[in-house]
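Open the model in a viewer and keep the selection panel at hand. The stops below are taken in order, each with a selection to make and a note of what is there.

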Amino acid sequence: MFSRAYRAAITLPPLLWVAVFLLMPYALLLCYSFWSVSDSQIINHSWDFRNYLELLRVNVYLQTLFRSMWIAARVTFFSLLLGYPLAYYVSFVAVKGKDLLYQLVIIPLWVSYLVRAYAWKTILGSDGVLNTLLQYAHVTQHPLDFLLYSPFAVVLTLTHIYTPFAFLPIYASLEHIPRNLIEASHDLGASPFQTFWRVILPLSIPGVLAGATLAFVLSLGDFLAPLLLGGPSGIMISNIVVSLFGAAYNWPLGAAISFCMMALVIALLFVSETLEKKWSFR
Amino acid sequence: MSAQCGPRWLSLHAVAVFAFLYLPIAILVLYSFNGQGVGGFPPRNLTLDWYRQLFSDDAIWTSVWNSLLVAVSAVAISLAFGIPAALALDRSSFSGKALFRRLVLLPLILPGIITGLSLLMLFREAGTRLSLITIILGHGTALISVATTEVFAGLQKLDRAQEEASLDLGANYWQTFWRITLPNLRLSIIGAALLIFTLSMDEIAVSFFLIGRDNTLPLEIWGRLRRGITPEINAISTIIFVFSLVAIIAWYRLRTRAEGQPDLAAELLEAAEGES
């Protein structure tokens, strides 16, 4: 029903735009990662692997990457710990207030991410809300200084930010579970725990995988929370990239790190998608 | 449905999670009225001083204006290319379709700095001077997928017969698009526009690399945060929070009236996960 001209008119402009402003920049990133920068800060367009070798040679890059993955793993764990029971509660227990509770989980997503990270800073600081509260209540004499400028602060803040992201796909998968399966399980004499363990949990695995992937991938590349709340021990891989593109001025090395991150993220997405398909009963 | 009486700890857990999600927002709002500034317990000497200071702070309002300009332009670009892209995914076949689908979604799922610095390299190679325009191009491109996803979902529900009838009755494609297709996608388009607008207003990773001399609001806030904590930031954040709350409620009412349970964020997340 659609003519060739019509199809060309809807296809070509977005294809061209995406090719120029998305595909080309990502390709350029790959090119830069093989270039180098000379002492006089000129980009040297000769192709070699020295940036990638540098990443393997200098400990700090791999260390920071592993630290970022470790932070992201903790964020994922806590987001699931908070998000899964909440999704279960909203989907199965709070039957009447379901829609309202669902919206209440989403609303914080609309509050600026930067502002929420900043709010945590005002809570955790040495003269911040929490410390002055503790002193006011005579729980402690001196401010607790491990609260801010630590990996703890980064994990806490990122968990706060990404819990709704973990919640949403889990909730969607719980909502898709046919309720008569659960009834059948009860009727056949399964205890609530058995029903959860053998019916609900397996059916919600794709949602858990999706939520975990989102939380992990999004927190892995974060650079604001570490700068704002992380201190020297909370530096993450994106902070290194930012400094390589700024003061340290080594774009090619920064590009190489970025490309590794990009490959890591795409590989994770692929694995998660494969697993989701495998666990999908629909 | 067999409503199981969930154990009490599930309710307690839910209360705790909501407290965790809303605590920073509550603190933020509360301390925007605190005479002693940010921090200190209990808050005392409630005041509107920070709001007064905020309203006489030209740099903030310039950056708000810049952000609005960027967000509106980003909405225009993402819709201008995202709507045709959704139509193309729905009714055109071209090689690399699956790749295209995934490519446009990448900026949402990749660390924001990667898209930002890739575009920075492009503009550098092209010799483009960084300004609000480069930020607009960045936001517009990064958020195309939001428009595509939303409109594509709308197209799936669209009754194809209306378009066929329009074409049979002698309207050309252009007329059919403007009079039949677009009005039917109205809600998806408004939803996408709202989401793109909000994401752009809050975007920082891409802007961070593409910034020229003019700051957007998040970058202005960022700059001040690095110099120290000021309660004016609580004040501007509170104002923005109230505005977004109003926008969300308005949107939900519009959408609920039209088609029941709104599911914008969930749809987007599902799309970002690559399920199609």
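**Stop 1: an aspartate in a loop**

Select D222(A) and, setting aside neighbours within four places in sequence, show its contacts: Y113(A), L158(A), Y162(A), M236(A) and S238(A). Contact here means heavy atoms within 4.5 Å. The model is predicted, so local features need pLDDT of at least 70 and side-chain atom pairs pLDDT 80 or more, while totals for chains, interfaces and linings use all residues. Residues are numbered from 1 along each chain as its sequence is written, chains are lettered from A and ligands numbered from 1 in the order in which they are written, and side-chain values use heavy atoms, with hydrogens and water left out.

D222(A) sits in the loop between α9 (192–220) and α10 (224–230) of chain A. Helices (H or I, at least four residues) and strands (E, at least two) are DSSP runs, numbered from the N terminus. Which side chain of opposite charge is nearest to D222(A)? It is R116(A), 9.8 Å away, and D222(A) is buried yet has no salt bridge. For charge, Lys and Arg count as positive and Asp and Glu as negative; His and the chain ends are not counted. Buried means under 20% relative accessible area, exposed over 50%, and partly exposed in between (1.4 Å probe, protein chains only). A salt bridge is a side-chain nitrogen of Lys or Arg within 4 Å of a carboxyl oxygen of Asp or Glu. Now add A225(A): the side chain of D222(A) reaches its backbone nitrogen at 2.9 Å.

**Stop 2: the nonpolar core**

Select F167(A), L174(A), I200(A), I257(A) and M121(B), the residues with the most contacts inside the largest nonpolar core, which has 170 residues. Such a core is a set of buried Ala, Val, Leu, Ile, Met, Phe, Trp, Tyr and Cys residues joined through side-chain atoms within 4.5 Å. Centre on F167(A): not counting residues up to four places away in sequence, it touches G83(A), L86(A), A87(A), V90(A), Y102(A) and V105(A).

**Stop 3: aromatic pairs**

Rings of Phe, Tyr and Trp (its six-membered ring) pair if their centres lie within 6.5 Å; planes under 30 degrees apart count as stacked, over 60 as edge-to-face and the rest as tilted. Over all chains, the count by this rule is 31 aromatic pairs. Select W35(A) and W47(A), an edge-to-face pair at 5.7 Å centre to centre with 80° between the planes. W35(A) lies in the loop between α1 (4–34) and β1 (36–37) of chain A, and W47(A) in the loop between β2 (43–44) and α2 (50–57) of chain A, so the pair ties together parts that are 12 residues apart in sequence. Are the two buried or exposed? W35(A) is buried at 7% relative accessible area, whereas W47(A) is exposed at 53%.

Move to chain B and select W174(B) and F177(B): the ring centres are 6.4 Å apart and the planes at 25°, so this pair is stacked. Both residues lie in helix α9 (residues 173–184) of chain B, 3 residues apart, about one turn of the helix. W174(B) is exposed at 60%, and F177(B) is buried at 15%.

To see an aromatic cluster, select Y32(A), F34(A), W35(A), W47(A), F49(A), Y52(A), F223(A), F245(A), Y249(A), W251(A), F208(B) and F209(B).

**Stop 4: salt bridges**

The structure holds 13 salt bridges over all chains. Select R91(B) and E163(B), whose side chains meet in one of them (3.0 Å, N to O). This pair links distant parts of the chain, with R91(B) in helix α3 (residues 58–91) and E163(B) in helix α8 (residues 160–168) of chain B, 72 residues apart. R91(B) is buried at 9% relative accessible area, and E163(B) is buried at 2%.

Next take R224(B) and E220(B), joined by a salt bridge with the closest N and O atoms 2.9 Å apart. Both lie in helix α12 (residues 217–227) of chain B, 4 residues apart, about one turn of the helix. Add D57(B) and E232(B): salt bridges that share partners join D57(B), E220(B), R224(B) and E232(B) into one network.

**Stop 5: a helix in chain A**

Finish at helix α6 (residues 129–136) of chain A, where V129(A), N131(A), T132(A) and L134(A) are buried. The buried residues of α6(A) pack against α5 (113–124) of chain A together with α1 (8–31) of chain B. Just after α6(A), select H138(A), which takes a positive phi of about 55°.

How values were computed: Polar contact = N/O pair within 3.5 Å; in protein donor to acceptor, adjacent residues only side chain to side chain.
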